[in-house]
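Visitor: I would like to learn how to read side-chain contacts in a model such as this one. Could we go through them one kind at a time?

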Amino acid sequence: MLGSTSLAGLPSALFTAGSALAAVAVGRISQARGRRPGLAAGYLTGAIGSAGVITAAILDTPVLLFLALFVYGAGTATNLQARYAGADLATPDRRGRAVSTVLVATTLGGVAGPSLAAPASAFADHLGIPDLAGPFLLSGLAYLLAALVLACWLRPDPLLTARTLSRTATAETGAGPTTDVTDGAPAGSRTGVVLGALVMVVSQLVMVAIMTMAPVYMHDHGHGSTASGLVIALHIGAMYLPSPLTGWLVDRYGRMKVAAASALTLLAAGLLAAASPADSVALLALALVLLGIGWNFGLVSGTAIITDTVPLATRARTQGRVDVFIAIAGATGGMTSGIMVAAASYPALALLGGILSLALLPAVAATAFHR
């Protein structure tokens, strides 16, 4: 639309900003009215953003495009918030597996989405819509269907039901809320909230930074789009496919151990990416697979820690706020990765990311010691 690439990074920034704002809104709606209206409203907003992008493409209006992308970010925020709904009614000893069930479903979209981009573009062109807007037809339909499915069939509402069960249990026992964790801080503990948020924020920051520049690094060293596409596909698979195993590990061995494993796995990914020869696709692919697994460990364990420690009275609102910091971490990692590579090199970026992940270990140790 603009005839140049000088503002090519602006849509991504607007998309991320919209995602952060939507995380707060979805959390507040869920807190006040339940998961069903909160998630349905978020997905519906994402669908409206998709329609706005398509309209902007037809009218060739960049300002409308930027505004629509800001709104479109609500879809991603809602997708991330959905994992919390999976954990609302799970008992503490099955909470990790509940979160992982929601996450592993994301694998289908991650694998199928890119392969549907070309047919969606061809279909858009057939309708007289600019072909680059085609994928937004697909995403808009998906978000609209998600909103309808949740509005019609997410019954009973998991968060509202959890509150009812909690009040009933309290009335029967005559006792106040007690700890709801297996190996973390007690319910309502600020320490637990900070730790859970830190685990997910650091995992997101390190993952996005190293992943974003991997295709650029490979291209600069003579690898084609097929090789870089394969590496990223393996990385995305590693982000979500291990979720059932991760959930079981979180429930079986505890949130703290898996959070520590996240830090060590991200460190191994950073070290391997830094040490891999530029001509070795196999080693770079292995590094990106480890990066995805480390991120998965961090997201599932961090989500379980947050859900354990935040009381039902404020759970959804707090979860929304935490996801704002996750969105900001992703944006920061994406923006600073290019600056770091330009100033130093991709191996230096990968090494720094791996070292940064070690910050999780003392935080995990301190929380485990004071529990």
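**Reading the side-chain contacts**

Guide: Both D88 and R315 are buried, and the two side chains meet in a salt bridge, with N to O at 3.7 Å. Please keep in mind throughout that this is a predicted model.

Visitor: Where do D88 and R315 lie, and what does the pair tie together?

Guide: D88 belongs to the loop between α3 (62-87) and α4 (95-126), whereas R315 is in helix α12 (residues 315-343), so the salt bridge ties together parts of the chain that are 227 residues apart in sequence.

Visitor: How many salt bridges does a search of the whole structure find?

Guide: The search finds seven salt bridges. The general idea is that a side-chain nitrogen of Lys or Arg has to come within 4 Å of a carboxyl oxygen of Asp or Glu. With that cut-off in mind, consider R255, whose side chain meets that of D251 at 3.6 Å, N to O, and which also forms a salt bridge with D308, where the closest N and O atoms are 2.6 Å apart. That second pair links distant parts of the chain, since D308 sits in helix α11 (residues 281-309) and R255 in helix α10 (residues 255-275), 53 residues apart.

Visitor: Which residues are joined into one network by salt bridges that share partners?

Guide: The network consists of R95, R97, D251, R255 and D308. As for their surroundings, D251 and R255 are buried, and D308 is buried as well.

Visitor: Turning to the rings, how many aromatic pairs are found, and how should I read the angle between the planes?

Guide: The whole structure has seven aromatic pairs. Planes over 60 degrees apart count as edge-to-face, and Y240 with W295 is such a case, at 5.5 Å centre to centre and 75° between the planes. Y240 lies in helix α8 (residues 225-240) and W295 in helix α11, so this pair ties together parts that are 55 residues apart in sequence. Both Y240 and W295 are buried.

Visitor: Which residues form one aromatic cluster?

Guide: That cluster is made up of F15, Y43, Y72, F136 and Y143.

Visitor: Where does the charged end of R83 sit, and where that of R252?

Guide: The charged end of R83 sits over the ring of Y84, at 4.2 Å from the ring centre, and the charged end of R252 sits over the ring of Y253, at 4.9 Å from its centre.

Conventions. Residues are numbered from 1 along each chain as its sequence is written. This is a predicted model: local features need pLDDT of at least 70, side-chain atom pairs count only at pLDDT 80 or more; totals for chains, interfaces and linings use all residues. Side-chain values use heavy atoms; hydrogens and water are left out. Helices (H or I, at least four residues) and strands (E, at least two) are DSSP runs, numbered from the N terminus. Buried means under 20% relative accessible area, exposed over 50%, partly exposed in between (1.4 Å probe, protein chains only). Rings of Phe, Tyr and Trp (its six-membered ring) pair if their centres lie within 6.5 Å; planes under 30 degrees apart count as stacked, over 60 as edge-to-face and the rest as tilted. A charge sits over a ring if NZ of Lys or CZ of Arg is within 6 Å of the ring centre and within 35 degrees of the ring normal.
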